[in-house]
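Colleague: Before I go to the bench, I would like to talk through this protein. Could you take my questions in order?

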Amino acid sequence: MQSKDFIVTFSQLGDFLLDEKNADVLKQWSVAARNENAWFTEDNVLLSIQNIARYYLNKSELEDFVTANDLAFTNPPKNVGIVMAGNIPLVGFHDLLCVVLSGNIALIKLSSSDSVLMRMLIARLIAIKPAIEPYLQIADKLNTADAVIATGSDNTAKHFEYYFSKIPHIIRKNRTSVAVLTGDEARTELANLGNDIFQYFGLGCRNVSKLYVPAGYTFDKFYESIEYWSTISIHHKYNNNYDYNKSVLLVNRIAHFDNGFLLLREEPSLVSPISVCYFEYYENDAHLKQLLAEQQDKIQCIVSGQRRIENSFDFGEAQCPKLNDFADGVNTLSFLKGI
């Protein structure tokens, strides 16, 4: 297969995913995914599928993506292992896309939390273009890999670094995302920020888990603007986390804010538990810049109104990465060209 063949195949997958005629098929997929992982609700699965189709699988954007990164196929193709995470639905798809677009073979180590949905997507790709099958290999072991892209926690990253030390690799660790507020945000902006916090129950590295707010900031308007997310507490796993974390804060007499489904706690750390969002005050722009610089290696993305922070996303866009929004800021295609 040539580059143009891969582009056409992936764009046809995007067309399939966005076609309303296939709604029943996608519903079946979402039910199967939910049965495997209770965090993968139907809404979350469909949101992930739609975002992938819209932002990754547009034909003209795929062509621009390939051209901009000056992809050149190696002969023979390399075996590139992908250790996929399973925190949100289809989170490893961008790596799969990059490996195949580069003309290499994806050796896919599926997460036990997200195996059903990814298998269905791969099967659909093969149904669209049977010739792509050799490039999509589900594997239990990656001992034949010429290079590896692995995503996991800080602890598993240590094992990845050791196990894959002798071959080219990208090892991703824990990251999270933050929001910068000024106090001048409109209610619509704060409502959009609610999406950044709550989509996928806050389990993604692009979910906002920390707010930077100006000294003296009050959260009344923020809480009022995200009230429409109150139904998240219907989900038993989320609500169990909320009840537990609230109990911890109360028992330990830790100061916090509470609106019945989101706990806010002043804390310098970035990664907050499910149902909790940390916040930290800043005195001025210089202080804010310092705080962000101290945590830059742990921040996946920043959201801010009018993108006032360099390279940030608008409120509500955290979970809508484009093709060139590489995880951890590491260009996957540049890595693949160098193996």
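Modeller: The answers below concern a predicted model.

Colleague: How many residues line the second largest pocket, and which are the closest to its centre?
Modeller: The second largest pocket has a volume of about 600 Å³. Its lining is made of 20 residues. The closest to the centre are Gln300, Cys301, Ile302, Glu310 and Asn311.

Colleague: Which element supplies the largest share of that pocket's lining?
Modeller: Two elements, α11 (285-294) and β11 (299-304), each supply at least two residues of the lining of the second largest pocket. The largest share is 4 residues, and it comes from β11.

Colleague: How many residues of each class does the lining of the second largest pocket have?
Modeller: The lining of this pocket is mixed in class. It divides into 7 nonpolar, 6 polar and 7 charged residues.

Colleague: Is Gln295 buried or exposed?
Modeller: Gln295 sits in the loop between α11 and β11. Leaving aside neighbours within four places in sequence, Gln295 is in contact with Tyr212, Pro268 and Leu270. Its relative accessible area is 16%. Buried means under 20%, so Gln295 counts as buried.

Colleague: Which helix gives the most to the largest nonpolar core?
Modeller: That core has 94 residues, and Phe10, Leu96, Leu193, Leu211 and Phe222 touch the most other members. The helix that gives the most to this core, with 7 residues, is α5 (residues 93-101).

Colleague: Which residues does Leu211 touch, not counting residues up to four places away in sequence?
Modeller: Leu211 is one of the five named as touching the most other members of the largest nonpolar core. On that count, Leu211 touches Ala179, Leu193, Phe219, Phe222, Leu264, Cys277, Tyr278, Phe279 and Glu280.

Colleague: How many residues are in the second, separate core?
Modeller: This core includes Val178, Val180, Tyr212 and Leu292. Tyr212 is also one of the contacts of Gln295. The second core has 11 residues.

Colleague: What lies 2.8 Å from a polar atom of the side chain of Asn207?
Modeller: Asn207 is in the loop between α8 (187-198) and β7 (208-214), and it is buried, with a relative accessible area of 1%. Leaving aside neighbours within four places in sequence, its contacts include Thr176, Ser177, Asn195 and Gln199. At 2.8 Å from the side-chain polar atom lies the backbone oxygen of Gln199.

Colleague: What separates the C-alpha atoms of Asn207 and Glu317?
Modeller: Along the chain, Asn207 and Glu317 are 110 residues apart. Their C-alpha atoms are separated by 9.9 Å.

Colleague: Where is Leu90 found, and what is its phi near?
Modeller: Leu90 is found in the loop between β1 (79-83) and α5. It is buried, with a relative accessible area of 4%. Its phi is positive in a residue other than glycine, near 60 degrees.

Colleague: Is Asp328 buried or exposed?
Modeller: Asp328 is in the loop between β11 and α12 (332-337), and its phi is near 60 degrees. Its relative accessibility is 18%. The limit is under 20%, so Asp328 counts as buried.

Colleague: Which residues line the largest cavity?
Modeller: The count comes to 1 cavity of 30 Å³ or more. The largest cavity has a volume of about 40 Å³, and its lining has 3 nonpolar, 3 polar and 1 charged. The lining residues are Leu71, Ala72, Thr74, Ser102, Asn104, Leu336 and Lys337.

Technical notes:
Residues numbered from 1 in each chain as written. Predicted model: local features only at pLDDT ≥ 70, side-chain atom pairs only at ≥ 80, totals over all residues. Heavy atoms only, no water. 1 Å grid on protein atoms, 1.4 Å probe; cavity = no way out; pocket = protein on both sides within 12 Å on 5 of 7 lines; lining within 4 Å. Points joined across faces, edges and corners; volume = space filled by probe spheres on them. Nonpolar A, V, L, I, M, F, W, Y, C, P; charged D, E, K, R; others polar. Core = buried A, V, L, I, M, F, W, Y, C linked by side-chain atoms within 4.5 Å. Buried < 20%, exposed > 50% of the residue type's maximum accessible area, 1.4 Å probe, protein only. Contact = heavy atoms within 4.5 Å. Polar contact = N/O pair within 3.5 Å; in protein donor to acceptor, adjacent residues only side chain to side chain.
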